[in-house]
Amino acid sequence: MKTESAEKAYDPIVFWVSATITIAFVFWSIILPESMNLVINAVFGWTTGNWGWLYLITAFVLVSGCFVLMLGKYGRVKLGHAEDEPEFSDFSWFAMLFGSAIAAGIVFWGPAEPAYHFMTPPPFFGGEAKTAEAGANAMTYSFFHWGLSAWAIFAMLTIPLAHACYTKDLPLKFSSAFYYVIGEKIHGPWGKILDIFSVFATLGGLATTTGLVALQLSSGLKFQYGVELGAWSIYIIIGILTAIFTIAVYTGIEKGVKFIGDVNMWVFVGVWFFVLIFGPTIFLINLTTNAIGQYLLYFLPMSLYTAPGVEGNWIGSWTVFYWAWWMSWAPFVAVFIARISRGRSIRQTVAATLLLPTFGDFLWYGVIGGTGIKFDVTPTLQEHGVESAIFAIAQNLPMTGLLSIFLFFLITTFFLTSANSAAMSLAMFVSGQETPNRNLRAFWGIALGAVAAVLAGAGSLKAIQTASIATAFPMMFLLLLVTCGTFKGLNQVSESNGPTDVASRPDVVVPGTDRNPSPSSRK
């Protein structure tokens, strides 16, 4: 006898609406590319010009919320039932978590952003370019863009999603995160709207990364080996990457994401140690230490800095773009992290999603980006674009050829980890199953590649960036709602059951207890 889940492998409304609009967008971009460019440019100007301040406030609120969850009374709450144990080892868990959320963006911007700010100082600091002070400030702002604010966006959405799914027996879908906001209405039209939106946010976020990766790989081949693939190079690279991660996601999470994530993490650590040892070691240690100090000192003012009176749209092109990029990734990253975090506590999950990756980003940026500052790769950026920065740095280190091979590998595997988890999450959005049908996973893998190809075909980094900003705009409001709903829901549970100590509350499962949550106490 077939089960209900076997008969209904996906939600037909969520799937067909999402698939139809995605296919329509691809055809629109192919047939009327100028029209698409006009629209996305208008969206970029409107969102960054009028709403940049709210992006900043939202990110700061999320950081604050994460620390309250991690350090407060709910930190010991288990994401699952009492008998649930973690599915993956700590190393594999963190490797998948870090790789899926950070992707190849850290390899792209790690060397490029500090060098760019070294060449054109951020208005928050100002000052003369290419000085010792400019180098320290450049690294500080790079830390800010890849620090707590970025990871708080993922962590804050992961917790209510995982808690609702594993303690309320809800499907592993984006809409389940809003159980504490709209309750049982997540099973109705509002839930379907949320899941449909999550599909487009994910497509926009991954398309941004895919475009950046394709640009970097194409630039690397030309810069390092003199290989030019011609006008179709972007499409060729995206096509190859799409084929690889679609096959990987088709094989399932154990065979695909876990293997790629483990190998990818070891290569990441190896490249970092190589650059630290054979690069300007003492300079890198001093620069990183100094930047961490400045980051802690200026975190609050940088978080709320809107660049009033500054000509141009620096905040929109940098900070707002980054916050929007993280927000557009939030649905699929949160679902994926929730998927691999059953049996972990809230404190453990927030720490692994907020603190450890932030520290990892600091180390990577400090060493890789610091090397670019020390050797001043800015002339290469001006001539070949920001995508060439990592290969310009390799030119200043021993064993350049071997290092470049590992860099190509790292860029590709980081991206594949994220694309793999994104395709998996998209399939979860439309099915609500932890292990969706493999054909469904393959379809969304191909869809990701198609959207990335048409955006990259616009030939503009701004066009690629705008995909994130446009899809993240509604996400900003949803994140504020889910943050309020999470604390409201947890407080209501606490009040309705009397004791404030989560270890003694019957509705909350805490590691070390043998109680199952009482069905009658669930709301």
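**Exercise 1. Which residues of the largest nonpolar core touch the most other members?**

Start with the ground rule: this is a predicted model.

Step 1. The largest nonpolar core holds 175 residues, and those touching the most other members are Ile 106, Trp 109, Tyr 322, Trp 364 and Trp 444.

Step 2. Now look for the main contributor: helix α13 (residues 314-340) gives the most to this core, with 21 residues.

Step 3. Zoom in on Trp 444. Leaving out residues up to four places away in sequence, Trp 444 touches Phe 15, Ser 18, Ala 19, Thr 22, Val 199, Leu 203, Ala 423, Leu 426, Ala 427 and Val 430.

**Exercise 2. Work out whether helix α4 is enclosed, and check its span.**

Step 1. Helix α4 covers residues 90-102, which is 13 residues. From first C-alpha to last, α4 reaches 18 Å, close to the 18 Å expected at 1.5 Å a residue.

Step 2. Count the buried ones, with buried meaning under 20% relative accessible area. In α4, 10 of the 13 residues qualify, so the helix is largely enclosed by the rest of the structure. Among them are Trp 93, Met 96, Leu 97 and Phe 98.

**Exercise 3. Find what the salt bridges of Arg 342, Arg 344 and Lys 130 tie together.**

Step 1. The total count is 6 salt bridges. One of them joins Arg 342 to Asp 84, with the closest N and O atoms 3.6 Å apart. Arg 342 sits in the loop between α13 and α14 (346-374) and Asp 84 in the loop between α3 (33-71) and α4, so the pair ties together parts 258 residues apart in sequence. Arg 342 is partly exposed at 26% relative accessibility, while Asp 84 is buried at 11%.

Step 2. Next, Arg 344 and Asp 90 meet at 2.7 Å, N to O. Arg 344 is in the loop between α13 and α14 and Asp 90 in helix α4, so this pair ties together parts 254 residues apart. Arg 344 is buried at 2% relative accessibility, but Asp 90 is exposed at 52%.

Step 3. Lys 130 and Asp 376 pair up at 3.6 Å, N to O. Lys 130 lies in the loop between α5 (105-119) and α6 (132-145) and Asp 376 in the loop between α14 and α15 (378-384), 246 residues apart. Both ends are partly exposed: Lys 130 at 39% and Asp 376 at 28%.

**Exercise 4. Trace where the nonpolar surface patch comes from.**

Step 1. The patch, including Tyr 225, Val 227, Phe 273 and Phe 406, has about 920 Å² of accessible area together.

Step 2. α11 (254-278) and α17 (400-431) each supply at least two residues; the largest share, 4 residues, is from α11.

Step 3. Val 227 lies in the loop between α9 (189-225) and α10 (233-251), and is partly exposed at 35% relative accessibility.

Key. Residues numbered from 1 in each chain as written. Predicted model: local features only at pLDDT ≥ 70, side-chain atom pairs only at ≥ 80, totals over all residues. Heavy atoms only, no water. Patch = residues over 30% accessible without salt bridge, like charges linked within 9 Å, V, L, I, M, F, W, Y side chains within 5 Å. Areas by Shrake-Rupley, 256 points an atom, 1.4 Å probe, with all protein chains shown as cover. Salt bridge = Lys/Arg side-chain N within 4 Å of Asp/Glu carboxyl O. Buried < 20%, exposed > 50% of the residue type's maximum accessible area, 1.4 Å probe, protein only. Core = buried A, V, L, I, M, F, W, Y, C linked by side-chain atoms within 4.5 Å. Contact = heavy atoms within 4.5 Å. Expected span 1.5 Å × (residues − 1).
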